[in-house]
Amino acid sequence: GYDGWGHDSGRIWRKGDMLEKEGFTTFKKDFGASAFALHHRFYLHFDRSNRLWLSAEDGCEGTPARSVFAPLTDLFGLGR
């Protein structure tokens, strides 16, 4: 299983062939033959001040940086 507190060097890095075998059939075409991914679960939620937060199973959490561009809620279609 996934060890959220483990070091990245011990994790399974999903390379293009593995991702395409798992069903992401256009991964190498979309991101290049040398691209890879490291997956772990996370969820997005709003705090008491209505700020968007990311909480990940490895203990990472936080709010996105303020942007001069579209708010993150617009990017995810979460409109207020």
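A residue counts as buried here when its relative accessible area is under 20%. Keep that cut-off handy, because Asp-47, at 18%, falls on the buried side of it. We'll get to that residue in a moment. One thing before you start clicking: what you have open is a predicted model.

**Stop 1: the whole chain**

Show everything as a cartoon and color by secondary structure. You should find 3 helices and 5 strands. Follow the chain along its sequence and the elements come in the pattern β-α-α-β-β-β-β-α. Now switch on the surface: its accessible area is about 6,600 Å², and 56% of that belongs to carbon and sulfur atoms. How much of the chain is buried? Of the 80 residues, 19% are. As for contacts between residues at least 6 apart in sequence, 24% of them join residues at least 24 apart.

**Stop 2: the sheet**

Select strands 3, 4 and 5. These 3 strands make an open sheet, lined up in the order 3-4-5 with antiparallel pairing. Which strands sit at the edges? They are strand 3 (42-46) and strand 5 (61-62), and each of them pairs on one side only. A bit of background: strands in a sheet pair through backbone hydrogen bonds, in either a parallel or an antiparallel way.

Zoom in on strands 3 and 4. Their antiparallel pairing runs over 5 bridges. To see how they line up, click Phe-42 and look across to strand 4: the residue opposite is Ala-56.

**Stop 3: a nonpolar patch**

Keep Phe-42 selected and add Leu-44 and Leu-54. Together, this trio makes a nonpolar patch on the surface, with about 240 Å² of accessible area. Leu-54 belongs to strand 4 (residues 52-56). Is Leu-54 buried or partly exposed? Its relative accessible area is 31%, so Leu-54 counts as partly exposed.

**Stop 4: the loop with Asp-47**

Now pick the loop between strand 3 and strand 4, where you'll find Asp-47. This is the residue from the opening: with a relative accessible area of 18%, Asp-47 is buried. Show side chains and add Trp-53. What links the two side chains? The side chain of Asp-47 makes a polar contact with that of Trp-53, at 2.6 Å.

**Stop 5: the salt bridges**

Side chains of opposite charge can pair when their charged atoms come close. How many salt bridges does this model have? The count is 4.

Begin with Arg-14 and Glu-22, which form a salt bridge whose closest N and O atoms are 3.1 Å apart. Arg-14 is partly exposed at 23% relative accessibility, and Glu-22 is partly exposed too, at 49%.

Next, select Lys-28 and Asp-17. Their salt bridge has its closest N and O atoms 2.6 Å apart. Lys-28 is in helix 2 (residues 27-31) and Asp-17 is in helix 1 (residues 16-21), so the pair ties together parts that are 11 residues apart in sequence. Lys-28 is partly exposed, with a relative accessible area of 29%, while Asp-17 counts as exposed at 56%.

Leave Lys-28 on and add Glu-20. Here is another salt bridge, at 3.9 Å from N to O. Glu-20 is partly exposed, with 24% relative accessibility.

For your last view, show Asp-17, Glu-20 and Lys-28 together: they are linked in a network of salt bridges.

Methods. Residues are numbered from 1 along each chain as its sequence is written. This is a predicted model: local features need pLDDT of at least 70, side-chain atom pairs count only at pLDDT 80 or more; totals for chains, interfaces and linings use all residues. Side-chain values use heavy atoms; hydrogens and water are left out. Patches are made of residues with over 30% relative accessible area and no salt bridge: like charges are joined within 9 Å, nonpolar side chains (Val, Leu, Ile, Met, Phe, Trp, Tyr) within 5 Å. Accessible areas come from the Shrake-Rupley method with a 1.4 Å probe; for residues, only the protein chains shown count as cover. A salt bridge is a side-chain nitrogen of Lys or Arg within 4 Å of a carboxyl oxygen of Asp or Glu. Helices (H or I, at least four residues) and strands (E, at least two) are DSSP runs, numbered from the N terminus. Buried means under 20% relative accessible area, exposed over 50%, partly exposed in between (1.4 Å probe, protein chains only). Two strands pair if DSSP finds at least two bridges between them. A polar contact is a pair of N or O atoms within 3.5 Å; within protein, one must be able to donate a hydrogen and the other to accept it, and residues adjacent in sequence count only if both atoms are side-chain atoms. Contact means heavy atoms within 4.5 Å.
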